[in-house]
Amino acid sequence: QVQLVESGGGLVQAGGSLRLSCAASGRTFSNYNMGWFRQAPGKEREFVAAIRWSGGSTNYADSVKGRFTISRDNAKNTVYLQMNSLKPEDTAVYYCAADLQNTVKGLLGAAREYDYWGQGTQVTVSS
């Protein structure tokens, strides 16, 4: 079992920044890949970013590339999502997820490859 708890969401003006955190427990954090997804009202869940267990490889959705940065601190069992130049269309509930099998498809954004999910944190960007 893996427990994931997100934090850091909130209300920010367009152009602003937020940093999301996801604290993991229950399994050796450095053994598995992590991802961030989001879901806006009335829309399907979409991939945002993913990072390999070692931190040596990352992948981003085109919509956030150049604005968001995913990172991890394996000593703190935490994955981060630094979000800069936020836009109103970034408004969503953001979820972190763990892929215990370290799949390539997971790194490429396939949500079905992720085994555990957090409860989500709301990010609202005002125009």
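The exercises below concern aromatic rings and charged side chains in a predicted model.

**Exercise 1. Classify the ring pair F37 and F47, and state which parts of the chain the pair ties together.**

Solution.
- A search of the whole structure finds five aromatic pairs.
- For F37 and F47, the ring centres are 5.7 Å apart and the planes stand at 70°. Planes over 60 degrees apart count as edge-to-face, so the pair is edge-to-face.
- F37 belongs to strand β4 (residues 33–39) and F47 to strand β5 (residues 46–51), so the pair ties together parts that are ten residues apart in sequence.

**Exercise 2. Decide whether F37, F47 and W117 are buried, partly exposed or exposed.**

Solution.
- The cut-off for buried is under 20% relative accessible area, and for exposed over 50%.
- F37 has 1% relative accessibility and therefore counts as buried.
- F47, at 14%, also counts as buried.
- W117 has a relative accessible area of 27%, so this residue is partly exposed.

**Exercise 3. Describe the surroundings of W117, starting from its pair with F37.**

Solution.
- The rings of F37 and W117 lie 4.9 Å apart, centre to centre, with 55° between the planes, and the pair is tilted.
- Since F37 is in strand β4 and W117 in strand β10 (residues 116–117), the pair ties together parts that are 80 residues apart in sequence.
- One aromatic cluster is formed by F37, F47, Y114 and W117.
- A charge is also found at this ring: the charged end of R45 sits over the ring of W117, 4.2 Å from its centre.

**Exercise 4. Find which residue forms a salt bridge with D90, and say whether the two partners are buried or exposed.**

Solution.
- Side chains of opposite charge can pair when their charged atoms come close.
- The partner of D90 is R67, with 2.8 Å from N to O.
- D90 lies in the loop between β8 (78–83) and β9 (92–99), and R67 in the loop between β6 (58–60) and β7 (68–73), so the pair ties together parts that are 23 residues apart in sequence.
- D90 has a relative accessible area of 0% and is buried. R67 counts as buried at 10%.
- Both residues belong to a network of salt bridges that links R38, E46, R67 and D90.

**Exercise 5. State how many salt bridges there are, and give two with an exposed partner.**

Solution.
- The count comes to five salt bridges.
- K65 pairs with D62, their closest N and O atoms being 3.2 Å apart. D62 is exposed at 65% relative accessibility.
- E113 pairs with R112, at 4.0 Å between the closest N and O atoms. R112 is exposed, with a relative accessible area of 67%.

Definitions and conventions
Residues numbered from 1 in each chain as written. Heavy atoms only, no water. Phe/Tyr/Trp six-rings, centres within 6.5 Å; stacked < 30°, edge-to-face > 60°. Helix = DSSP H or I, 4+ residues; strand = E, 2+ residues; numbered from the N terminus. Buried < 20%, exposed > 50% of the residue type's maximum accessible area, 1.4 Å probe, protein only. Lys NZ or Arg CZ within 6 Å of the ring centre and 35° of its normal. Salt bridge = Lys/Arg side-chain N within 4 Å of Asp/Glu carboxyl O.
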